[in-house]
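Please read the following report alongside the sequence and the coordinates. It begins with the ligand and then turns to individual residues.

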Amino acid sequence: MNISISIRQATKEDLPEITALFRSTIINTCSKDYSEKQINVWASAANDTDTWIERINDYYFIVAEQNSLIVGFAYLKKGYYLDGLFVHQDYQRQGIASALLRTIESRVMIEEFPEIRSDVSKTALPFFEAWDYTTIKKQKKSFKGMGFENYIVTKTL
Ligand SMILES: CC(C)(COP(=O)(O)OP(=O)(O)OC[C@H]1O[C@@H](n2cnc3c(N)ncnc32)[C@H](O)[C@@H]1OP(=O)(O)O)[C@@H](O)C(=O)NCCC(=O)NCCS
């Protein structure tokens with residue numbers, strides 16, 4: 001069932017909520033697809049405060065809110081590259097990622113890029129397939145010395 005949310009651009013004040021959501025979604029939602037070691041390394045990226053501030057300042061970074069609680073976020077790099085999409089562990093399958101993705105895709109179209117691209121986790125792949133993204137390649141991406149299986153996906157807009 002879809003819930004009522006509003007979408008706005010993130011600010012630096014959102015940092016603690018964004019990083020807490022990132023950490024808990026990885027620990028609770030992605031743990032079915034990755035090992036405990038991988039989850040710990042991935043979730044530890046929540047502590048890279050400078051990187052998150054840069055993303056908020058430099059990218060098109062949006063949050064979905066319900067009753068002033070951030071229930072999801074997404075950010076777009078270079079105008080066409082979706083670099084992150086996360087939904088609060090307690091708000092999965094309620095249409096929040098779909099609403100965020102619609103906003104992100106609109107932005108890509110407004111900036112006149114012909115396609116959107118991303119590399120997405122095993123956890124997120126079914127969501128992108130439901131949105132008609134095509135998998136170009138399965139790959140192993142290295143992060144903090146650990147390999148993570150993920151998928152490069154794209155969609156013509
Ligand atoms: C992937 C993710 C963003 C999806 O968020 P969501 O808000 O639950 O997605 P939606 O409710 O908008 O899903 C829309 C449709 O996508 C498909 N879908 C979403 N999650 C799915 C899943 N786990 N399995 C199968 N299909 C799925 C379904 O068709 C769904 O429609 P339905 O619920 O009516 O069946 C969320 O599960 C998440 O935060 N995952 C962990 C973080 C992550 O891996 N992010 C990607 C890193 S870049």
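The sections below describe the ligand site of this predicted model and then several residues, with their place, exposure and contacts.

## The shell around the ligand

In this predicted model, the ligand is surrounded by 18 residues, of which the closest are Leu85, Gln92, Arg93, Ser98 and Ser121. Sorted by class, this shell is made up of ten nonpolar, seven polar and one charged residues. Several elements contribute to the shell, since strand E4, spanning 81–87, helix H4, spanning 96–110, and helix H5, spanning 125–130, each provide at least two of its residues.

As for the space itself, the ligand takes up the largest pocket.

## Polar contacts of the ligand

Oxygen atoms of the ligand come within polar-contact distance of both backbone and side-chain atoms of the protein. For the side chain of serine 121, an N or O atom lies 2.6 Å from an oxygen atom of the ligand. On the backbone side, a polar atom of glycine 95 is found 2.9 Å from a ligand oxygen, and a backbone N or O atom of glutamine 94 is 3.3 Å from an oxygen atom of the ligand. Taken on its own, the ligand has 920 Å² of accessible area, and the protein covers 77% of that area.

## The loop between E4 and H4

Which residues of this loop can be described in terms of place and exposure? Histidine 88 is one of them, being placed in the loop between E4 and H4, and arginine 93 is another, in the loop between E4 and H4 as well.

Histidine 88 has a relative accessible area of 15%, and because this is under the 20% limit, histidine 88 counts as buried. A polar atom of the side chain of histidine 88 lies 3.0 Å from the backbone nitrogen of aspartate 90. Arginine 93, in contrast, has a relative accessibility of 81%, which is over 50%, and is therefore classed as exposed. The backbone of arginine 93 has a phi near 60 degrees, a positive value in a residue that is not glycine. Arginine 93 is also listed among the closest residues to the ligand.

## A positive phi between E2 and E3

Serine 68 is located in the loop that joins strand E2, spanning 60–66, and strand E3, spanning 69–77. Its phi is near 65 degrees, again positive in a residue other than glycine. Is serine 68 buried or exposed? With a relative accessible area of 62%, serine 68 is exposed, because the value is over 50%.

## Residues in strands and a helix

Valine 71 belongs to strand E3 and is buried, its relative accessible area being 0%. Although 66 residues separate valine 71 from isoleucine 5 in the sequence, their C-alpha atoms are 8.6 Å apart in space. Phenylalanine 61, which is part of strand E2, is likewise buried, at a relative accessible area of 1%. The C-alpha atoms of phenylalanine 61 and isoleucine 110 are 15 Å apart, with the two positions 49 residues apart in sequence numbering.

Arginine 102 lies in helix H4, and with a relative accessible area of 44% arginine 102 is partly exposed, because that value falls between the 20% and 50% limits. From the C-alpha atom of arginine 102 to that of tryptophan 131, 29 residues away along the chain, the separation is 9.9 Å.

Key
Residues numbered from 1 in each chain as written. Predicted model: local features only at pLDDT ≥ 70, side-chain atom pairs only at ≥ 80, totals over all residues. Heavy atoms only, no water. Near = heavy atom within 4 Å. Polar contact = N/O pair within 3.5 Å; in protein donor to acceptor, adjacent residues only side chain to side chain. Areas by Shrake-Rupley, 256 points an atom, 1.4 Å probe, with all protein chains shown as cover. 1 Å grid on protein atoms, 1.4 Å probe; cavity = no way out; pocket = protein on both sides within 12 Å on 5 of 7 lines; lining within 4 Å. Sits in = over half its atoms within 2 Å of the grid points. Helix = DSSP H or I, 4+ residues; strand = E, 2+ residues; numbered from the N terminus. Nonpolar A, V, L, I, M, F, W, Y, C, P; charged D, E, K, R; others polar. Buried < 20%, exposed > 50% of the residue type's maximum accessible area, 1.4 Å probe, protein only.
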